[in-house]
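What follows is a walk through one structure, taken a piece at a time, with the sequence and the coordinates open beside the text.

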Amino acid sequence: MPQFSPSEVKIAVAPITVKPAGLACSAELYLGAKVATSGVKSFNSTGIKQDISLPITMPAPGTYPVYLDVTAQGMLIGAYKAIEDVVIAIPAYSLEQTAIETYPEEGAILPITLVSGSLIYVGEQVKLWQYLQNISGTALPPWSIAMSVTHPDGTKHELGEVRRFISGDPEQTWAYIVFSPFSVTQTGVYTVEATLIVEEQVIDELSLSLVASVASGWNNPISYNDPDNAWSNEEAAMLGQPVTGYIGGASSKYSYYLSHPIEFGFPTIISDRLRISSMECPMDQTGCRVSPADVLIDVYYDNAWHNVHSGNLYIIGDDELEGRWGEVVFPQHLVSGIRITWDKLPYYDPEGPYQWAFLFAVQLFNIGG
Amino acid sequence: MEFEKTEGKGLERIAVDMLDPVMAPGVSRTAVAPITVSPSGLSCQAELFLGPNDTTKVATSGKKSFASTGASQSVSLPVTMPTTGGVAYKVFLDVFANGYRILAYQATEDVIIPSGSVDEIIWE
């Protein structure tokens, strides 16, 4: 009895003779109640034997009868049943669930199983876990899992292995690999593909579609532009963490002004507000916390920047309360960017303890969602 | 499917539509032939048969009687298809009047009885 593995692609080559020559013919090979089928393959009769290739992707484990239907000019001229059934065996090693790493509370990590169609959100960093099952009853031989993600724009990225866990007990049957995270920067379908390789043989493959949308509520930036290279740690903004503005170098010891804008890109969303958290301010010469004046905030819509705030940051937030968010409301538009310019910065001593002029995070509110 | 005359003094050519020239082995089908015999009132017969030639009748409707009307008549000619497949059979139609064959036609298209066989399947 032919024995195969689930999802294995095999080609049945059927020597078929149809007479007379010149007839439009078709053949379809299928298992069981068409749980797997080659589909209808067309050919023209020649009056002599022809090898017709009929590819089949093997179904779930089980034993299946094999059927072959042959038609000529649309008429069924032969319905065959193979003498031997096909057996789909349970593989010794197989890929199991794919999970996304989440952080339900401080210091905790919780992988949550994904299914095709699971939602992810623009602005997220997605870290995937891929599990495998080992029912061989023996320890896993050398193995690896290759994982890639194809973004909605068609670009494909291989994900690196961050760490792996293997059950120390051969009787235990599972293991997993955690892969390097990827950034969700586009709406659309992200296709995750995993391939299990054991002893240099491809044993199993799976594919998973994740649907990326813009989260309702507050969204982190998905890109930034720091044209003057005046800021640092901008990538943190994509995670909702502070960005730091910095004036460095001896020549700027007595700088009072910082007019280097930083731009943050967002998925285009309907919005009427943004928020910014001032998380730390420098101190003045007397050791008192100060706040910069003339903070300019622009939002991008209708192919142009539009100012929505100009003035002291105190009016939108209380920087004495670290991490507190202050909102700026503006007329509703399809917004895709926020630009912030600290037009005037108070004195600070770059040789002193407060090298960082400012830390802040910025988010845009999605009315739709 | 069209017929062309091979013998006789009737119409030079009679066109006959046959919608499905591919038949399964052993099935019974009825050919409906529009036949015109003049003058009216003659005792007529028609026979449709399949074969490799007009002297070897592999399958036949037998002679079906009708009386001529001088106008076109649809004459039903039931035939059980040959059980031997894989062959294209020629189709012949003979028309008799008062016992004399007055028309002999051969269809321009053959009736095809397909056959198929499958040998051992190999998995690659």
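A convenient place to begin is Pro82(B), a residue in the loop between β7 (72-80) and β8 of chain B. The model is a predicted one, and what is said here about this proline and about the other residues should be read with that in mind. Is Pro82(B) buried, partly exposed or exposed? Because 17 other C-beta atoms lie within 10 Å, Pro82(B) ranks as partly exposed, the cut-off for a buried residue being 20 or more. When residues up to four places away in sequence are set aside, Pro82(B) touches Pro25(B), Leu50(B), Val58(B), Ala59(B), Tyr89(B) and Ile113(B). Gly51(B), which is 31 residues away from Pro82(B) along the chain, has its C-alpha atom 9.2 Å from the C-alpha atom of that proline.

Gly51(B) leads on to the strand pairing of chain B, since the bridge partner of Gly51(B) in β8(B) is Lys90(B). The two strands concerned, β4(B) and β8 (residues 87-97) of chain B, run antiparallel and are joined by eight bridges. Strand β4 (residues 43-51) of chain B also pairs with strand β6 (residues 64-67) of chain B, again in the antiparallel sense, through four bridges, and within that pairing Cys44(B) stands opposite Phe66(B). A further antiparallel pairing, over two bridges, links β4(B) with strand β5 (residues 59-60) of chain B, where Phe49(B) has Thr60(B) as its bridge partner. Taken together, β4(B) is therefore a strand with pairings to β8(B), to β6(B) and to β5(B), each of which counts as a pairing because at least two bridges are found.

Stepping back to chain B as a whole, the count of elements is 12 strands and zero helices, so that, read from the N terminus on, the order is β-β-β-β-β-β-β-β-β-β-β-β. Of the 124 residues in chain B, 29% are buried. Among the contacts in chain B with a separation of 6 or more, 65% are between residues 24 or more positions apart. The loop between β3 (28-36) and β4 of chain B holds Pro39(B), and the peptide bond that leads from Ser38(B) to Pro39(B) is cis, with omega near -5°.

The next topic is the meeting of the two chains. Here 23 residues of chain A are in contact with 16 residues of chain B. On the side of chain A that touches chain B, the elements that give two or more residues are β2 (9-19), β8 (66-72) and β9 (75-81) of chain A. Which of these gives the most? The answer is β2(A), with 10 residues. Sorted by class, that side of chain A has 17 nonpolar, three polar and three charged residues. Backbone pairing also crosses between the chains, for β2(A) and strand β12 (residues 122-123) of chain B pair in the antiparallel sense over two bridges, and Val13(A) has Ile122(B) as its bridge partner in β12(B).

In chain A, the loop between β2 and β3 (24-31) contains Pro20(A), and the peptide bond from Lys19(A) to Pro20(A) is cis, with an omega near -5°. Most peptide bonds are trans, and most residues other than glycine have a negative phi. Two residues of chain A depart from the second of these tendencies: Asp302(A) has a positive phi of about 50° although it is not a glycine, and Asn303(A), also a residue other than glycine, has a positive phi near 65°. Asp302(A) is placed in the loop between β28 (295-301) and β29 (304-311) of chain A, and Asn303(A) lies in the loop between β28 and β29 of chain A as well. Asp302(A) counts as exposed because it has 9 C-beta neighbours inside 10 Å, and Asn303(A) counts as exposed because it has 6.

A last residue of chain A to look at is Glu124(A), found in the loop between β13 (118-121) and β14 (125-126). Why does Glu124(A) count as buried? The reason is that Glu124(A) has 20 C-beta neighbours inside 10 Å. Its C-alpha atom is separated by 9.5 Å from that of Pro181(A), a residue 57 positions away along the chain.

How values were computed. Residues are numbered from 1 along each chain as its sequence is written. Chains are lettered from A and ligands numbered from 1 in the order in which they are written. This is a predicted model: local features need pLDDT of at least 70, side-chain atom pairs count only at pLDDT 80 or more; totals for chains, interfaces and linings use all residues. Two residues are in contact if their C-beta atoms, placed from the backbone, lie within 7 Å. Ala, Val, Leu, Ile, Met, Phe, Trp, Tyr, Cys and Pro count as nonpolar, Asp, Glu, Lys and Arg as charged, and the others, Gly among them, as polar. A residue is buried if 20 or more other C-beta atoms lie within 10 Å of its own, exposed if 12 or fewer, and partly exposed in between; C-beta atoms are placed from the backbone.
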